[in-house]
Amino acid sequence: MGEPIYRRVVIKLSGEYFAGDQSFGIDQPTIDRIAGDLIAAQKLGVEIAVVVGGGNIFRGVEVSSRGVSRPTGDTMGMLATVMNCLALEAAIERRAVAARTLSAFVMPQVCELFTRGAAHRYLAEGKIVLLAGGTGNPFFTTDTTAVLRAGEIGAQAVLKATNVDGVYSADPKKDPSAQRFERLSHSQALEGGYKVMDATAFALARETSLPIIVFSIAEAGSIGAILSGTGRGTVVAG
Ligand SMILES: Nc1ncnc2c1ncn2[C@@H]1O[C@H](COP(=O)(O)OP(=O)(O)OP(=O)(O)O)[C@@H](O)[C@H]1O
Ligand SMILES: O=c1ccn([C@@H]2O[C@H](COP(=O)(O)O)[C@@H](O)[C@H]2O)c(=O)[nH]1
C-alpha cells in the first residue's frame, strides 16, 4: 500500500456491525478483526481516533418507544458506546498496541474524560484513541460525534465504516434500484436527505469543510484501502 492520503482521521465504526451475525451485543471475533484492521491502518503512518456507535446495544429512539424518556434512552445509548469502546480497547491491547478510551462523561473508575489535550497527547504518542459516550448530550448521534471530535482534534477526515459501500440515491437495503454515488458535495448530501448519516453530521462537516468517506467495513483491510486511496466508498466533500 502507498502513502496514506490523511495523517490524522476519525473512524466512525458502526455499532450495529459489532454484533456480527447477531441482532444484539458484542461479537468477539468481529471486534478482534476490526482491531486488526485499525492496527494495520495505523501502521500506514496515520493517527487514528475512533468513534463507535451503540446500535448493537441501545438506540435512544427505540428505547423511548418503550416508555422511557428520550433523554434517558439517549443516555443509555451513549453508555452503550462506552461498552463498545472498552471491548475494542481490550481487543487492540491484546495485540500489544496501546489504546486509550476517552469519554464524554466523567467516569474516573472506567476511563479518562475526553479533552482535546488528552486526545492530542495520546495520538502523538502513537496510541489508538477511542472516543466514548457520544457528544455527552441527548438528541445527537455518534455520526455527529465523529464530525464534532474530528473538528476538535484537527483530524483531516471522517471515515464512516458501516454496512454499505457508500451513499446511494435510496437505502440500498430497501431499494435494489438505488444508484451509488462516487462523490457528493456536503450540500448535495444534505439536500438529498440520504439517511446513511444524519443531517446534523453532514451540516457540521460542511461548516468545518471536513471530508467524509462512507465505506463498507465488511471486507478485512477496508480501512487501510480507503486510507491508501484504493478503497471503494463515497467521498462527501466540498
Ligand atoms: N441513501 C442511503 N445510502 C446508503 N445507505 C443508506 C441510505 N439510506 C439509508 N441507508 C442505511 O444506512 C445504514 C447505515 O447507517 P446507520 O447510521 O444505520 O449505521 P451505522 O452508523 O453503521 O450504525 P450504528 O448507529 O449502529 O453505529 C445502512 O445500513 C443503510 O441501509
Ligand atoms: O451524542 C450522542 C451520541 C449518541 N447518542 C445516543 O446513543 C445512541 C447510539 O448511537 P448511534 O449513533 O445511534 O449508534 C443513539 O441512538 C442515541 O440514543 C446520543 O444521545 N448523543
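## Ligand 2

α3 (70-94) and α5 (142-153) each contribute at least two residues to the shell around ligand 2. The model described here is predicted. Of the elements, α3 gives the most to this shell, with 5 residues.

In total, 20 residues surround ligand 2, and the closest are Gly53, Gly60, Asp74, Gly77 and Gly134. Sorted by class, the shell around ligand 2 holds 14 polar, 3 nonpolar and 3 charged residues.

## Ligand 1

Around ligand 1 there are 19 residues, the closest being Ser14, Gly15, Glu16, Gly53 and Gly55. Gly53 is thus listed among the closest residues for ligand 1 and also among the closest for ligand 2. The shell around ligand 1 divides into 7 nonpolar, 7 polar and 5 charged residues.

## Overall fold

The protein contains 8 helices and 9 strands. Its C-alpha trace spans about 50 × 50 × 35 Å along the principal axes. The radius of gyration is 17 Å, which agrees with the value near 18 Å that a compact globule of 238 residues would have.

Of the 238 residues, 46% count as buried. Among contacts between residues at least 6 apart in sequence, 71% join residues at least 24 apart.

## The nonpolar core

The largest nonpolar core has 69 residues. Ala49, Val50, Leu88, Leu130, Val158 and Leu159 have the most contacts inside this core. The largest share of the core comes from α3, which supplies 7 residues. The helix α3 therefore appears in two settings: it gives the largest share of this core, and it gives the most to the shell around ligand 2.

Val50 shows how parts of the sequence meet in the core. Leaving aside neighbours within four places in sequence, Val50 is in contact with Ile11, Leu13, Leu38, Leu88, Ile128, Leu130 and Leu131. Two of these partners, Leu88 and Leu130, are themselves listed among the residues with the most contacts inside the core.

## A spread-out set of annotated positions

An unreviewed UniProt entry lists Lys12, Leu13, Ser14, Gly15, Gly55, Arg59, Thr162, Asn163, Tyr168 and Asp171 under "binding site". These positions are spread over 160 residues of sequence, and they are also spread in space, with up to 23.3 Å between C-alpha atoms. Ser14, Gly15 and Gly55 from this list are also among the closest residues to ligand 1.

Lys12 lies in strand β1 (residues 8-13). Lys12 counts as buried because 30 C-beta neighbours lie inside 10 Å. Beyond its neighbours within four places in sequence, Lys12 is in contact with Val51, Thr142, Asp143, Ala146, Val158, Leu159, Lys160 and Ala161. Leu13 is also placed in strand β1, and it is buried too, with 28 C-beta neighbours inside 10 Å. With the same kind of sequence neighbours left aside, Leu13 is in contact with Ile34, Val50, Val52, Gly53, Ala161 and Ile217.

## A gathered set of annotated positions

A further "binding site" annotation in the unreviewed UniProt entry covers Gly54, Asp74, Thr135, Gly136, Asn137, Pro138, Phe139, Phe140, Thr141 and Thr142. These residues span 89 residues in sequence, yet no two of their C-alpha atoms are more than 14.2 Å apart, so they gather at one spot. Asp74 belongs to this set and is one of the closest residues to ligand 2.

Thr135 is found in the loop between β5 (128-132) and α5. With 19 other C-beta atoms within 10 Å, Thr135 is partly exposed, because a buried residue needs 20 or more. Leaving aside neighbours within four places in sequence, Thr135 is in contact with Ala104, Phe140, Thr144, Thr145 and Leu148. Gly136 sits in the loop between β5 and α5 and counts as partly exposed, with 16 C-beta neighbours inside 10 Å. Outside its neighbours within four places in sequence, Gly136 is in contact with Met78, Ala104 and Phe105. Ala104 is thus a partner of Thr135 and of Gly136.

## Ala170

Ala170 lies in the loop between β6 (157-162) and β7 (183-184). Ala170 is partly exposed, with 14 other C-beta atoms within 10 Å. Leaving aside neighbours within four places in sequence, Ala170 is in contact with Asp175 and Ala178. Ala170 and Gly193 are 23 residues apart in sequence, and their C-alpha atoms are 9.2 Å apart in space.

How values were computed. Residues numbered from 1 in each chain as written. Chains lettered and ligands numbered in written order. Predicted model: local features only at pLDDT ≥ 70, side-chain atom pairs only at ≥ 80, totals over all residues. Near = placed C-beta within 6 Å. Nonpolar A, V, L, I, M, F, W, Y, C, P; charged D, E, K, R; others polar. Helix = DSSP H or I, 4+ residues; strand = E, 2+ residues; numbered from the N terminus. Core = buried A, V, L, I, M, F, W, Y, C linked by C-beta atoms within 7 Å. Buried ≥ 20, exposed ≤ 12 C-beta atoms within 10 Å, placed from the backbone. Contact = placed C-beta atoms within 7 Å. Rg over C-alpha atoms; globule rule 2.2 N^0.38 Å. UniProt positions renumbered as here; feature names shortened; annotations may be inferred.
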